[in-house]
Each structure stands twice: as C-alpha cells, then as structure tokens.
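Thanks for making time this morning. I would like to take you through one structure, moving from its metal site to its charged contacts and then to a few backbone details.

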Amino acid sequence: MDATAVQAVFQDKIEQDLKIEPKDPMPDRYRAHLIRQISQHAHSEVIGMQPEGNWITRAPSLRAKQILLAKIQDEGGHGLYLYSTAETLGISREEMIEQLQTGKAKYSNIFNYPALTWADIGAIGWLVDGAAIVNQVALQRTSYGPYARAMFRICKEESFHQRQGYEIMANMMKGTTEQREMAQDAMNRWWWPALMMFGPHDKDSAHSGDAFKWRIKRKTNDELRQKFIDKTVQQAEVIGLTIPDPDLKWNETKQGYDHGEINWEEFKRVINGNGPCNKQRMEHHIRYHEEGAWVREAAAAYHEKFPTD
Amino acid sequence: MANDTQLALWEVFIQSKSGGHHVHAGSVHASDYKMALQNARDVYTRRNEGSSIWVAPSSCFSASGPEEAEMFFDPAEDKLYRHPTFYTMPEGAKQI
Ligand SMILES: [Fe+2]
Ligand SMILES: [Fe+2]
C-alpha cells in the first residue's frame, strides 16, 4: 500500500471512530506521534516512583507504608503496560530506556520537584494523580486500541491513588497547627506544577493539531485543566485548604473557575533540565539500571543454558 | 548500556474466574516461562483479577492482518442459515 492509500484507509477508520490496531495501516507520523507520547507517558510513571519512594521508610504508620508501597508498585505496573503498548508500534524497550537516559525522551515535568514532607505524599496523590486521572480518563477514548486499553486498566487503579492522597491531606488538616501548616505548604508547592501537567494553553500548543485530527486527543489542554480545577477547589474547601491563587474565582457564565496566570517561564526552565531534581532523577534511574544489569545478564545466560526450563 | 537486554517479550492471558476464558491482558518481558509467569502475576493480577495465567513467547504468535480480513471474514456474511433466526417455525410450535 502506498502512502496515499494508507492515509485514506486510516483516516476513514478514524472518521468512523474505529480503533487503530497494531497491524492496521497508519501514517508514519501517527506512529511517531504515538511512540513519543506513549513512551513519555511510560517514563513518567517510572520516574514518578522516585519522589514517593523517598518516603517508604519514613511513612508514619504501618498502614501508611503498606498503602504507599502498593501505590508505587501500581505506578511501576503502569510504566510496564505503557512500554508494552509502545512496543506494539515497533520501538524496543531498550531503545526507549536509552532515549530516556540520554534525555531524548522526556517525562512529566512534575516529577522534577522534591517530596519534602509527609504532606507532599498527600499532595502528590491528591493533586498529581488527580490531574493524571483527568488526562487518562480522556485518553480512554484515544484512537489507538492498545493505548486505550492500557488507559482503562490504569484508570481503574488510579482512583485509589487519589483517594489515599486526599485522606492524608484531610487527616493532616484535622491535626495540630504545625500539621495543618505542613499540609497547606505542600498544597502551595504542588498546585501550580499540577496545573502545568496539562501542558501549554491551547493557543500555544505545538503538537495538538495532528493529535485532534487523528483522535489521539479529544479534549484540549485547557478543557482538561478546567475540569481538574473545578473538581479540586471544592475538595480543598471541604478540608480547609486554601488554593494558592488569589485570582481564582467562580465564573457564573462559564460555570467554572477562572484562574490566575500560570508561570510558564518556570515550566520551561524545569522542562529544560533546571528544575530542583532533574539531575537526581536521571542519575538514580541510570544507577539502578546499571546495577541491575547483571541480573538481566544472568537470566539470559540461564535461559541459553537451559532453553526448555 | 550498549548490549543491554530487556529480555524476551511474552504475551499474557488471564482467566478471571475458573470456568471462564483466558483473555489477553498484555505483555511482559522475561527470560523464561517461570519469570514470565511471575511477572504476569505481579503486573496483571494485583487485585484478584486472576485465577489462572497463561504465558507464551510473543515470537510464537501469528496474527491475521487487515490484508486478510476480507478473505477470512466476508464469506460468513451471506450464510445467514448458520443462525437460528434464519428459520421460519410453524405457528404454535413451542420451546423450539
Ligand atoms: Fe500511574
Ligand atoms: Fe497513580
């Protein structure tokens, strides 16, 4: 099939709202777009384990520790579902890891911020997973079949992530003055980066034209961000937290909140490698990848020796 | 990193309750079937999703492609007599 025929068959399926499956004809740019998006999504899940992993040994109770371990294990699982999904498009796991470690592939900017106190674990679950859920629910309707299926599985698991985070915040807000201050401080530090997770405003969004034409994306960055804000403001009020945005106010006409200016300069600075933890995140990933090499080599050697085991 | 291996790809099928079908759940990487089974357990059944797991190397699968779809599946379209609704039953006949 030549490129024009591929394009015609493909766009026809898209218009009919049918899913594209790995063996279906697809334009090279659709494939490349998905590989970029899905592998970066996978890297985000994996790198996202680091700020939380930092608190496993310091969780304030056995219950909290079990929950945090289970949550982080889920994130590792999400990374694996997504790597497999990207592999159906013809990129290998080795290539993806190399792209991550050489900086060619990015991961979500949010994980370049540190988890400073236990309240940060609450804020991450509530706000960061909360924002991720809004994104991922929308992606359940994405046009690439394996990606949509991975999103269903992930969304089923995510709701506990957000609830455990909100529970931490709610408990801290019922605690001492210091604990309440700690919760508010975490809220202040995570709110804006969480809003940035939805990406640039629609008017400045570079890749979105194709993503809509190909139905990879169905809702714009600003629509998703709005959804997240509208849900979260009420949740903050219930437990007595203040949203750190003096310009936030209810807009009766649009039946949603207006929010203040997002600091995109900071976003650019962090995504270009100058956030508080970029270097640390990558060093950690490379270090454990390299320290684990002997395990993979031994497993491969064993299989070579006993192929039928 | 030059000759790094992420091990072979395996396909995972999960039966959620005994008596049901094994349904494709996704894939894992592993060096052998034991590791594939363990990884599949960890990755796909953390919430009681399974009562049994099958794994098989992805390289052992053949899949029909969109090129074959017409040849494979269209012949079934005009064979309505394979469905019970094709037949006219005599008025008044019961339990058939
Ligand atoms: Fe996740
Ligand atoms: Fe999560």
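Let me begin with a term that I shall lean on throughout: a residue is called buried when its relative accessible area is under 20%, exposed when that value is over 50%, and partly exposed in between. Please also keep in mind that what you see is a predicted model.

With that cut-off in hand, take A:Asp120, which counts as buried because its relative accessibility is 0%. The side chain of A:Asp120 meets that of A:Arg189 in a salt bridge, with 2.7 Å from N to O. A:Asp120 sits in helix α6 (residues 118–139) and A:Arg189 in helix α8 (residues 177–196), both of chain A, so this pair ties together parts that are 69 residues apart in sequence. The partner, A:Arg189, has a relative accessibility of 26% and therefore counts as partly exposed.

Now to the metal site, where I would ask: which residues coordinate the iron ion (ligand 2)? The donors are supplied by A:Glu75, A:Asp129, A:Glu158, which is listed with two OE entries, and A:His161 through ND1, at 2.0 to 2.8 Å. Along the chain, these donors follow the spacing E-x53-D-x28-E-x2-H. A:Glu75 also bridges this ion and the iron ion (ligand 1), the two ions lying 3.3 Å apart. The pair of A:Glu75, in helix α4 (residues 62–87), and A:Glu158, in helix α7 (residues 145–173), links distant parts of chain A, 83 residues apart. As for cover by protein, A:Glu75 has a relative accessible area of 5% and is buried, and A:Glu158, at 2%, is buried as well.

Returning to charged contacts, how many salt bridges does a search of the whole structure find? Over all chains, the count is 26, and I will pick out a few.

One of them crosses between chains, running from B:Arg46, in the loop between α1 (33–44) and β3 (52–57) of chain B, to A:Glu157 in helix α7 of chain A. The closest N and O atoms of B:Arg46 and A:Glu157 are 3.1 Å apart. On the chain B side, B:Arg46 is partly exposed, with a relative accessible area of 22%, whereas on the chain A side A:Glu157 is buried, at 3%.

Within chain B, B:Asp78 and B:Lys79 form a salt bridge whose closest N and O atoms are 3.2 Å apart, and here B:Asp78 is exposed, with a relative accessible area of 56%. In chain A, A:Glu15, A:Asp17, A:Arg215 and A:Arg218 are linked in a network of salt bridges.

There is also a surface patch of positive charge, in which A:Lys19, A:Arg141, A:Lys219, A:Lys227 and A:Lys231 gather. Of these, A:Lys227 belongs to helix α10 (residues 221–239) of chain A and is partly exposed, with a relative accessible area of 43%.

Finally, the backbone of chain B: which residue in the segment before β1 (8–15) should we look at? That residue is B:Leu7, which has a positive phi of about 65° although it is not a glycine, and which is buried, with a relative accessible area of 17%. B:Gln95, likewise not a glycine, has a positive phi of about 55°. B:Gln95 is found in the segment after α2 (66–73) of chain B, and at 86% relative accessibility B:Gln95 counts as exposed.

Technical notes. Residues numbered from 1 in each chain as written. Chains lettered and ligands numbered in written order. Predicted model: local features only at pLDDT ≥ 70, side-chain atom pairs only at ≥ 80, totals over all residues. Heavy atoms only, no water. Patch = residues over 30% accessible without salt bridge, like charges linked within 9 Å, V, L, I, M, F, W, Y side chains within 5 Å. Areas by Shrake-Rupley, 256 points an atom, 1.4 Å probe, with all protein chains shown as cover. Salt bridge = Lys/Arg side-chain N within 4 Å of Asp/Glu carboxyl O. Lys, Arg positive; Asp, Glu negative; His and termini not counted. Charge placed at Lys NZ, Arg CZ, Asp CG, Glu CD. Helix = DSSP H or I, 4+ residues; strand = E, 2+ residues; numbered from the N terminus. Buried < 20%, exposed > 50% of the residue type's maximum accessible area, 1.4 Å probe, protein only. Donors = N, O, S within 2.8 Å, 3.2 Å for Na, K, Ca; no water.
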